[in-house]
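Me: I would like a close look at a single part of this protein, with its surroundings described carefully and step by step. Please begin with one residue and work outwards from there.

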Amino acid sequence: MFRKSLSVELVEPVVYLRGHAKDRQTINILRGVVRLQLSHPVLVHSVTVQFVGTAKTLWPEDKACQYWDKHILVDSVIPISRSPIALKKGIHAFPFEILLSNALSESVECGLGHVRYKLHCQVHIKPSWSLFTSCLRAQQPVVLVRLPQDAGPRCINQTHRLTDTDDLHILVETAHITPGTPLALSFAFSRPPAAIHHLCVKLIERQKFRARSKRTTRILHHEITLTTSTSLADHPPGHNELRCVFAIPDKHTLQVHPSTYNPNIRVRHWIQILLRFTLHDGTPKEVLMDAPVSVLMETIEGYTTLPAYPPPSDESPASSSYATPLSPSTTPPAADVPTAAAVLKDSAITPTPSTSSSWLNKLNPRRSWRPDVKPPPSYDDIVRQHASSAIS
């Protein structure tokens, strides 16, 4: 019985978009590998990968007939193998790289709209004992996350003029809020107040949906009052500084969404601070502060830290082969480098085992394309060589 399976695997589970969406010079790369498992030899006619992104917004004014406003953000077809390839029985891998524009929207999941990306793979094959060609299909969702701008503020500072001689300085110690992490606020008076009566901090979310075909806009407003363990009664009189730490609920209980920059599904956040107090001369005062913030599903360190890859898996050399991708990100072969068709042919017929791990091959597939190129010497080899030279 002839069995076959097709799958698409991503090197990184999340693709991070760096910088502002208007920055056209920043390029992001989506890396992955197409795996084809065969129980009999076949002739592969073509291998293609299609990257599709769609944006949808729901308009449920009419319960009998709900309307979806849909837009295609990207639809790119990348051929990995155009020439027929004879593959033996076993597992065959086709790595690929796709250049993603920084102008793409991040992935969005809201109640009345979403932005989703998927990879669709098609492999046209013909078994050696058959006269007909069949098509194998597989798909893989892709998540895009936009990182905060490097030039953006990491904290929020505001100074409020109370009187001609009194000022209040408010510091929000982070401008990027993550569910489940604390939020610290600091208040510094130029002169100690007589008393602090009330402090209220809210996280405000505003969702804005647009349907260009209907020229309609919907705005949803949501407020969450944050709690703190700091009691204003414990603030000693005569002190001009106050620091409070507020608890941000985790993502399982906090009904907010990450900040987005999509023009049709715009999610923005603010921190609202209300402080009532009495000045040293007995004058009552109230300060209301609104500051824009961004909500992230992970901390800044979680976005900037390199991912932890699993240990290398041992694959049988006789059941694994790699093919060269023909994606737009692949550089043209030089004069001393074999052509893509030759590499595809040699890799399919006589697979060459690679001493590096499979995950390293995904990150740098070129290491397995040139079996005649020796790897660079290790650090221990260099030290051992210098030691031998010194003794002699």
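Reply: Ser-186 counts as buried because its relative accessibility is 18%, and the cut-off for that class is under 20% relative accessible area. This value, like the others here, comes from a predicted model. Ser-186 sits in strand β14, which covers residues 182–189. Its side chain makes a polar contact, at 3.3 Å, with the side chain of Glu-173. Glu-173 also appears among the residues that Ser-186 touches once those up to four places away in sequence are set aside, and the others in that list are His-169, Ile-170, Leu-171, Leu-242 and Arg-243.

Strand β14 also holds Phe-189, and this residue is buried, with a relative accessible area of 4%. When neighbours within four places in sequence are left aside, Phe-189 is in contact with Leu-162, Asp-167, Leu-168, Ile-196, Asn-240, Leu-275 and Phe-277. For one of these contacts, the one with Leu-162, the two residues are 27 residues apart in sequence, while their C-alpha atoms are 9.5 Å apart in space.

The contact with Phe-277 leads to the aromatic pairs, of which a search of the whole structure finds 2. In one pair, the rings of Phe-51 and Tyr-117 have centres 5.6 Å apart and planes at 5°, so this pair is stacked. Because Phe-51 lies in strand β4 and Tyr-117 in strand β9 (residues 113–127), the pair ties together parts of the chain that are 66 residues apart in sequence. Both partners are buried, Phe-51 with a relative accessible area of 1% and Tyr-117 with one of 2%. The rings of Phe-189 and Phe-277, by contrast, have their centres 5.2 Å apart and their planes at 75°, so that pair is edge-to-face. It links distant parts of the chain, since Phe-189 belongs to strand β14 and Phe-277 to strand β19, with their positions 88 residues apart. Phe-277 is itself buried, at a relative accessible area of 1%.

Strand β19 takes the description from β14 into a sheet. This open sheet has 5 strands in the order β13-β20-β19-β15-β16, and its pairing is mixed. At its edges stand β13 (176–177) and β16 (216–225), and because each has a single partner strand, one side of each is left without a neighbour in the sheet. Strands of a sheet pair through backbone hydrogen bonds, in a parallel or an antiparallel sense. Strand β15, residues 195–211, pairs with strand β19, residues 265–278, in the antiparallel sense over 14 bridges. Within that pairing, His-198 has Arg-276 of β19 as its bridge partner, and Lys-208 is matched in β19 by Arg-266.

Strand β15 also pairs with β16, again in the antiparallel sense, over 10 bridges. Here the bridge partner of Lys-202 in β16 is Thr-225. The hairpin formed by β15 and β16 has 4 residues between the strands, and in it Arg-215 takes a positive phi near 55°.

The nonpolar cores give a wider setting for these residues. The largest of them has 44 residues, and those with the most contacts inside it are Leu-30, Phe-51, Ile-98, Leu-119, Val-123 and Val-142. Strand β4, residues 42–59, supplies the largest share of this core, namely 8 residues. The core lies between domain 1 (5–146) and domain 2 (156–300), because both of these domains give residues to it. Another core, of 34 residues, lies apart from it and includes Leu-162, Ile-196, Leu-226 and Met-289. Two of these names, Leu-162 and Ile-196, have already appeared among the contacts of Phe-189.

For the protein chain as a whole, the secondary structure comes to 4 helices and 21 strands, and 40% of the 392 residues count as buried. Among the contacts in the chain with a separation of 6 or more, 69% are accounted for by residues 24 or more positions apart.

Methods
Residues numbered from 1 in each chain as written. Predicted model: local features only at pLDDT ≥ 70, side-chain atom pairs only at ≥ 80, totals over all residues. Heavy atoms only, no water. Helix = DSSP H or I, 4+ residues; strand = E, 2+ residues; numbered from the N terminus. Buried < 20%, exposed > 50% of the residue type's maximum accessible area, 1.4 Å probe, protein only. Polar contact = N/O pair within 3.5 Å; in protein donor to acceptor, adjacent residues only side chain to side chain. Contact = heavy atoms within 4.5 Å. Pairing = 2+ DSSP bridges. Core = buried A, V, L, I, M, F, W, Y, C linked by side-chain atoms within 4.5 Å. Domains from an automatic or database assignment. Phe/Tyr/Trp six-rings, centres within 6.5 Å; stacked < 30°, edge-to-face > 60°.
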